[in-house]
Amino acid sequence: MKFKLILAALIMCSLQAFSQSQNNISVVYGFSTANIDIHGALGDFGYNTKTGITTGLLYTKTIKQWFSLQTGLFYADDKAELNSILPGRAGINIDGDLKIISIPITAKFTFFKYVFADAGLSFDKEINYTGNYIQTDQSGIGLELGIGGQYAFNHFTVFLNPYLKIYGTTHFNKNEDFNLIEDGYKFGLGYNF
């Protein structure tokens with residue numbers, strides 16, 4: 001009888017410890033609207049708002065029940081449409097792509113078990129920058145913040161994360177001044193271990 005009680009206590013303790021997973025790796029997919037902030041530059045040009053997608057892997061390390069650190073590797077494929085007015089002609093729109101690899105480092109704060117907020121830095125490298133006048137080099141350090149909802153079941157977690165990301169708040173290319181701004185939604189499915 002004593003053995004059965006000790007065995008039951010050990011099983012309960014191990015289930016309690018196992019249910020409090022400290023790590024999570026998630027596959028993430030998202031879509032956004034992308035706009036380029038030209039900071040009030042003068043001229044007959046600007047950028048139209050376009051859509052983009054984001055995919056990647058996100059690793060979350062739980063420090064406390066309410067606090068986690070996150071990092072990962074993301075790929076963003078955003079569109080930029082330059083518009084310009086030429087004398088005697090209608091407006092001209094020229095499409096361009098911005099393909100960016102990002103490594104975020106964010107803090108995640110969980111409230112009421114199902115709601116969270118996250119904010120932090122992102123180290124970004126635009127991998128297809130050609131130096132033409134349509135694209136703007138967004139390589140640098142950016143900012144990201146968001147809120148979201150999550151639900152955990154067994155070893156899995158699903159989440160929805162509306163977010164705002166500003167690329168290039170500190171540009172690696174000192175000649176660049178315009179910033180790509182994404183606002184959108186990320187969806188994730190993660191495995192807890």
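The protein has 1 helix and 9 strands. Follow the chain from the N terminus and you meet the elements in the order α-β-β-β-β-β-β-β-β-β. What you are looking at is a predicted model, so it helps to ask how confident the predictor was, on a scale from 0 to 100.

The mean pLDDT of the protein is 83, and 76% of its residues reach 70 or more. Where is confidence lowest, and where is it highest? Helix H1 (residues 2-19) sits at the bottom with a mean of 50, while strand E6 (residues 115-126) is at the top with 97. Over residues 13-19, pLDDT stays under 50, and the model has 1 contact for them beyond four places in sequence. Where pLDDT is low, the predicted coordinates should not be read in detail.

Now step back to the whole chain. Of the contacts with a separation of 6 or more, 61% are between residues 24 or more positions apart. Among the 193 residues of the protein, 38% are buried. The accessible surface comes to about 11,300 Å², and carbon and sulfur atoms hold 68% of that area.

Let's finish with a single residue. Thr170 lies in strand E8 (residues 156-171). Why does Thr170 count as partly exposed? Its relative accessibility is 40%, and partly exposed covers the range between under 20%, which is buried, and over 50%, which is exposed. Beyond its neighbours within four places in sequence, Thr170 is in contact with Ser139, Gly140 and Ile141. You can also find Gln138, which is 32 residues from Thr170 in sequence and 9.2 Å from it in space, C-alpha to C-alpha.

How values were computed
Residues are numbered from 1 along each chain as its sequence is written. This is a predicted model: local features need pLDDT of at least 70, side-chain atom pairs count only at pLDDT 80 or more; totals for chains, interfaces and linings use all residues. Side-chain values use heavy atoms; hydrogens and water are left out. Helices (H or I, at least four residues) and strands (E, at least two) are DSSP runs, numbered from the N terminus. Contact means heavy atoms within 4.5 Å. Buried means under 20% relative accessible area, exposed over 50%, partly exposed in between (1.4 Å probe, protein chains only). Accessible areas come from the Shrake-Rupley method with a 1.4 Å probe; for residues, only the protein chains shown count as cover.
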